[in-house]
Amino acid sequence: MSHEPNGRGRQIASQLNGHSDGDLSSYAFPDHRLRRKLDDPSKTPLVLVACGSFSPITNLHLRMFEMVADHVRFHTEYEIVGGYLSPVSDAYEKAGLASAKHRVSMCDLAVDQTSNWLMVDPWEAIQKEYTRTALVLDHFDHEVNVVRGGAETSSGERKLVHVALLAGADLIGTMSTPGVWSESDLDHILRRYGAFIVERTGTDIDEALSHLQPWKENIHVIPQLIQNDVSSTKIRQSLKKAMSVRYLIPAPVIKYIQQHGLYIDDSAIPGIYSKENRSGTPMPDRVSDLEGLRS
């Protein structure tokens, strides 16, 4: 049985074929699962955006959305109307980075049959150059609020949708590290959009937050009640050793990896090691010095 993208997945894949050079002529923002009406008119509509390599996407990536959804439902005045995965472009030269076409296809397979509210946006993936996270969030804000007019209540009132970043705790660690993020980008992301951060083993959340006090009200920390330490790096390492990754990543993604021979031998994949990282030392899932250098 072939595990290739179908329906919406084929549409996304076609946007990537020959368009990894920044050509947006065939790009269409995915909104097929974006809810246009609020169930509770007193709530503020919320869209969650997870930026990352997703090489490959894991069950923890998907699980993070569900953990945040529970937190939002029980502890905030938001109502989630949509969630997006935004795979980074090929310009993000990270060890183990499969091509954008494959990563977007795997993400689409992962959400296609497992979710009724998650979507994959290829906009960032088809950019010719690396796109800063602040600009990615601006893109979502524009598409959801300017182009589509936000969300509507039962009375016909329109509300602006709040766009927020979803990430693991390792992201907060990089945000509190001097020189990794530009101060202007950090302020733009955390002041305008805010972040929902899922705790991860080995990250000192309190220490990281102590350096982000100006934006503490916009940073929501969600504890992992059931610990899960799966990472894309560990998945790639297991695949290279011909070890099973069943139940760690979605089954259709496993089939896709097998069919396309991905992650068998990283050294055989052109361009996966950046000039600064020839040793193959794992880099952060999303953020590198590029965030700080691109102002």
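The protein chain, shown here as a predicted model, has 10 helices and eight strands. The exercises below use this model.

**Exercise 1. The chain as a whole**

Task: State what share of the 295 residues in the protein chain is buried, and describe the accessible surface.

Solution.
Step 1. A residue counts as buried when its relative accessible area is under 20%.
Step 2. By this cut-off, buried residues make up 54% of the 295 residues.
Step 3. The accessible surface of the chain comes to about 13500 Å², and 50% of this surface belongs to carbon and sulfur atoms.
Step 4. Contacts along the sequence may be added to the description. Among contacts between residues at least 6 apart in sequence, 79% join residues at least 24 apart.

**Exercise 2. The order of the sheet**

Task: Determine in which order the six strands of the open sheet lie, and which of them are the edge strands.

Solution.
Step 1. The order of the strands is β3-β2-β1-β6-β7-β8, and their pairing is parallel.
Step 2. The edge strands are β3 (118–120) and β8 (219–222), each of which pairs on one side only.
Step 3. On average, neighbouring strands of this sheet are turned by 25° against each other, direction ignored.
Step 4. A general principle applies here: strands of a sheet pair through backbone hydrogen bonds, either parallel or antiparallel.

**Exercise 3. Strand β1 and its partners**

Task: Describe how strand β1 pairs with β2 and with β6, and decide whether β1 is enclosed or open.

Solution.
Step 1. Strand β1 covers residues 44–52 and strand β2 covers residues 78–87; nine bridges join them in the parallel sense. In this pairing, Thr44 stands opposite Tyr78 of β2.
Step 2. Strands β1 and β6 also run parallel, and four bridges join them. Here Leu48 stands opposite Ala164 of β6, and Val49 stands opposite Leu165 of β6.
Step 3. Eight of the nine residues of β1 are buried, so this strand is largely enclosed by the rest of the structure.
Step 4. From β1 the chain crosses through α2 to β2, and this β-α-β crossover is right-handed.

**Exercise 4. Strand β6 and the helices on the sheet**

Task: Establish how many residues of β6 are buried, which way they point, and which helices lie on the sheet.

Solution.
Step 1. Seven of the seven residues of β6 are buried, and the strand is mostly covered.
Step 2. His162, Ala164, Leu166 and Gly168 point one way from β6, whereas Val163, Leu165 and Ala167 point the other way.
Step 3. Four bridges join β6 to β7, and these two strands run parallel; Ala167 stands opposite Ile197 of β7.
Step 4. Helix α4 (residues 133–147) lies across β1, β2 and β6 (162–168), and runs at about 140° to β6. Helix α6 (residues 183–193) also packs on the sheet, where it touches β6, β7 (195–198) and β8; its direction makes about 120° with that of β6.

**Exercise 5. Two histidines**

Task: Classify His61 and His211 as buried, partly exposed or exposed.

Solution.
Step 1. The limits are as follows: buried is under 20% relative accessible area, exposed is over 50%, and partly exposed is in between.
Step 2. His61 has a relative accessible area of 13%, and is therefore buried. Its place is in helix α2 (residues 59–75). The side chain of His61 reaches the backbone nitrogen of Thr58 at 2.9 Å.
Step 3. His211 has a relative accessible area of 45%, and is therefore partly exposed. His211 lies in the loop between α7 (205–210) and β8. The C-alpha atoms of His211 and Gly173 are separated by 9.5 Å, and these residues are 38 residues apart along the chain.

**Exercise 6. Helix α8**

Task: List the buried residues of helix α8 (residues 232–240) and name elements that cover them.

Solution.
Step 1. The buried residues are Ser232, Thr233, Ile235, Arg236, Ser238 and Leu239.
Step 2. The cover over these residues includes α2 and α9 (251–260).
Step 3. Just after α8, Ala242 takes a positive phi of about 60°.

Methods: Residues numbered from 1 in each chain as written. Predicted model: local features only at pLDDT ≥ 70, side-chain atom pairs only at ≥ 80, totals over all residues. Heavy atoms only, no water. Pairing = 2+ DSSP bridges. Axes fitted to C-alpha atoms, helices over the stretch in contact; angles between N-to-C directions. Contact = heavy atoms within 4.5 Å. Buried < 20%, exposed > 50% of the residue type's maximum accessible area, 1.4 Å probe, protein only. Polar contact = N/O pair within 3.5 Å; in protein donor to acceptor, adjacent residues only side chain to side chain. Right-handed = clockwise from strand over helix to strand, strands pointing away. Areas by Shrake-Rupley, 256 points an atom, 1.4 Å probe, with all protein chains shown as cover.
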